[in-house]
Amino acid sequence: MEQAQSGPVTDFLQECTITGLSESEATPAADLYGMYIIWCEQGQQDPVSSTAFARQLRQNGNHPRRRNHESIYPGLLPTGPIPIQYILETDKPPSPNGPMSVFGS
């Protein structure tokens, strides 16, 4: 496994996600990047590109998979106020799995 690096993406993951969950719990890659953008805006930081974001996620041990024609991060779910802000800004409906599983399966 690659060693996690420090930096904004790692900080985002530590502050805004729960990891180590069942692989059935997953977050779409596009949604995770959108939440990262909001997190950067709120912290007045410049976000990295989506390619650099994906690379840094892999360096932190999060590897994407394909499910239903989209890229997802299994075992990783958003938490805290950022996913709520993302839902409000994108009009994305919450998952029927409950508030902790905003983007779960």
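A residue is called buried when its relative accessible area is under 20%. The legends below use the word in that sense and describe a predicted model.

**Figure 1. Overview of the predicted protein and its elements.** The model contains 4 helices and 5 strands. Followed along the sequence, these elements appear in the pattern α-β-β-α-α-β-β-β-α. Of the 105 residues in the protein, 42% are buried. The exposed surface amounts to about 6,100 Å², and carbon and sulfur atoms contribute 50% of that area. Among contacts with a separation of 6 or more, 69% are between residues 24 or more positions apart.

**Figure 2. Confidence along the chain.** The average pLDDT of the protein is 84, and 82% of the residues reach a score of at least 70. Residues 96–105 have a pLDDT below 50, although this stretch makes 32 contacts in the model beyond near neighbours in sequence. Where pLDDT is low, the predicted coordinates should not be read in detail.

**Figure 3. Helix α3 and its cover.** Helix α3 spans residues 50–59. Its buried residues are Ala52, Phe53, Ala54, Gln56, Leu57 and Gln59. Among the elements that cover these buried residues are helix α1 (8–16), helix α2 (29–42) and strand β4 (70–74). After α3 comes glycine 61, which has a positive phi, near 90 degrees.

**Figure 4. The open sheet of three strands.** The strands of this open sheet are arranged in the order β2-β4-β3, and their pairing is antiparallel. Strands β2 and β3 form the edges, each of them pairing on one side only. From one strand to the next, the twist averages 45 degrees. Helix α2 lies across β2 and β4 and runs at about 75 degrees to β2.

**Figure 5. Pairing of β2 with β4.** Strand β2 covers residues 26–28 and runs antiparallel to β4, to which 3 bridges join it. One of the residues of β2 to examine here is alanine 26, whose bridge partner in β4 is proline 74.

**Figure 6. The hairpin of β3 and β4.** Strand β3, residues 65–67, pairs with β4 in the antiparallel sense, and the pairing extends over 3 bridges. Arginine 65 is placed opposite isoleucine 72 of β4. The two strands, β3 and β4, make a hairpin in which 2 residues lie between them. Asparagine 68, in the turn, has a positive phi of about 50 degrees.

**Figure 7. Cysteine 16 and cysteine 40.** A disulfide is a covalent bond between the sulfur atoms of two cysteines. A search of the whole structure returns 0 disulfides. Why does cysteine 16 form no bond with cysteine 40? The sulfur of cysteine 16 has its closest cysteine sulfur in cysteine 40, but the distance is 9.6 Å, so the two are too far apart for a bond. A pair would have to lie within 2.5 Å to be counted as a disulfide. Cysteine 40 is likewise in no disulfide. Cysteine 16 is buried, with a relative accessible area of 5%, and cysteine 40 is buried as well, with a relative accessible area of 0%.

Methods: Residues numbered from 1 in each chain as written. Predicted model: local features only at pLDDT ≥ 70, side-chain atom pairs only at ≥ 80, totals over all residues. Heavy atoms only, no water. Buried < 20%, exposed > 50% of the residue type's maximum accessible area, 1.4 Å probe, protein only. Contact = heavy atoms within 4.5 Å. Pairing = 2+ DSSP bridges. pLDDT = per-residue confidence, 0-100. Areas by Shrake-Rupley, 256 points an atom, 1.4 Å probe, with all protein chains shown as cover. Axes fitted to C-alpha atoms, helices over the stretch in contact; angles between N-to-C directions.
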